[in-house]
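Please look through the structure shown here. The paragraphs after it go from the whole chain to single residues.

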Amino acid sequence: MFNRKKAAPRPAVNGFSSLIADNLSVQGDLEFSDGLKVDGRIRGRVSFKPGTTSLLAVSVNGVVEGDVSSYDALIDGTIIGDLRVEHLLELHSNARVSGNITYRQLSMENGAVVEGTLRRLDEGAAVLELPQPAAALLPQSPEASERS
């Protein structure tokens with residue numbers, strides 16, 4: 001009646017199909033669908049399966065060192081790398097992101113820190129995959145070519 005704002009859409013957090021527990025450290029690239037909760041440490045690229053409405057949650061103690069993509073994301077921990085979110089990104093008060101962020105909708109609490117640029121996706125654009133890491137684009141040294 002008096003121009004009340006609609007509640008912002010929130011991703012469902014009733015359960016996660018996958019968990020990286022706080023006593024676990026993973027090295028390598030991960031692809032997930034549905035939900036992934038990170039309480040531990042991941043060194044590698046984390047990406048959602050294209051076409052799914054995935055949810056990534058990084059808890060206060062969770063750390064991801066690598067580029068990340070998801071449909072929805074709730075970040076309360078640390079990401080060192082670029083972050084791309086196709087739908088809704090929530091940066092909670094303990095969130096620390098060292099990298100560029102691409103998002104469609106953003107909610108950011110006081111205390112969250114971003115060391116990089118923020119770029120909003122256009123309505124028609126979709127995030128399908130992350131770009132190649134810079135190291136993969138560099139020419140190989142002659143010694144590395146000989147070993148291949």
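What follows is a walk through a predicted model, starting with the overall make-up of the chain.

The protein chain has 148 residues, and 41% of them count as buried. Its secondary structure comes to 2 helices and 18 strands. The chain exposes about 9,100 Å² of surface, and carbon and sulfur atoms supply 48% of that area. Contacts can also be sorted by how far apart the partners are in sequence. Among contacts between residues at least 6 apart, 15% join residues at least 24 apart.

The interior comes next. In soluble globular proteins, nonpolar side chains tend to be buried together. In this model the largest nonpolar core has 25 residues. The residues with the most contacts inside this core are V38, V64, I75, L83, L89 and L91. Which elements give two or more residues to the core? They are the strands β4 (35-38), β6 (46-48), β7 (55-58), β10 (72-75), β12 (83-85), β13 (88-91) and β15 (101-103).

L89 can serve as an example from this core. Leaving aside neighbours within four places in sequence, L89 is in contact with A73, I75, L83, I101, Y103, Q105, L106 and S107. Two of these partners, I75 and L83, are also listed among the core residues with the most contacts.

L106, a contact of L89, leads from the core to the surface. Together with M108 and L118, L106 forms a nonpolar patch on the surface. The accessible area of the three residues together is about 240 Å². L118 is found in strand β18, which covers residues 118-120. With a relative accessible area of 42%, L118 is partly exposed, because partly exposed covers values between 20% and 50%.

Charged side chains are the next topic. How many salt bridges does a search of the whole structure find? The search finds 2. One of them joins E65 to R41, with the closest N and O atoms 2.2 Å apart. This pair links distant parts of the chain, since E65 is in strand β8 (residues 63-65) and R41 is in strand β5 (residues 41-43), 24 residues apart. E65 also forms a salt bridge with R43, and here the closest N and O atoms are 3.4 Å apart. E65 lies in strand β8 and R43 in strand β5, so this pair ties together parts that are 22 residues apart in sequence. R41, R43 and E65 are thus linked in a network of salt bridges. Are these residues buried, partly exposed or exposed? E65 is partly exposed, with a relative accessible area of 25%. R41 is partly exposed at 31%, and R43 is partly exposed at 42%.

Several loop residues remain. S59 sits in the loop between β7 and β8. Although S59 is in a loop, its relative accessibility is 18%, so S59 counts as buried, the limit being under 20%. The side chain of S59 makes a polar contact with the side chain of D39, at 2.6 Å. Not counting neighbours within four places in sequence, S59 is in contact with K37, V38, D39, D76 and G77. Among these partners is V38, one of the core residues with the most contacts.

The loop between β3 and β4 holds both S33 and D34. S33 is partly exposed, with a relative accessible area of 27%. Apart from residues up to four places away in sequence, S33 touches S17, K49, T52 and S54. The C-alpha atoms of S33 and S47 are separated by 8.8 Å, and these two residues are 14 residues apart along the chain. D34 counts as exposed at 53% relative accessibility. What is the phi of D34? D34 has a positive phi of about 60° although it is not a glycine. Most residues other than glycine have a negative phi.

G51 is the last stop. G51 lies in the loop between β6 and β7. At 82% relative accessibility, G51 counts as exposed, because exposed means over 50%. G51 and Y71 are 20 residues apart along the chain, and their C-alpha atoms are separated by 9.0 Å.

Key
Residues numbered from 1 in each chain as written. Predicted model: local features only at pLDDT ≥ 70, side-chain atom pairs only at ≥ 80, totals over all residues. Heavy atoms only, no water. Core = buried A, V, L, I, M, F, W, Y, C linked by side-chain atoms within 4.5 Å. Buried < 20%, exposed > 50% of the residue type's maximum accessible area, 1.4 Å probe, protein only. Helix = DSSP H or I, 4+ residues; strand = E, 2+ residues; numbered from the N terminus. Contact = heavy atoms within 4.5 Å. Patch = residues over 30% accessible without salt bridge, like charges linked within 9 Å, V, L, I, M, F, W, Y side chains within 5 Å. Areas by Shrake-Rupley, 256 points an atom, 1.4 Å probe, with all protein chains shown as cover. Salt bridge = Lys/Arg side-chain N within 4 Å of Asp/Glu carboxyl O. Polar contact = N/O pair within 3.5 Å; in protein donor to acceptor, adjacent residues only side chain to side chain.
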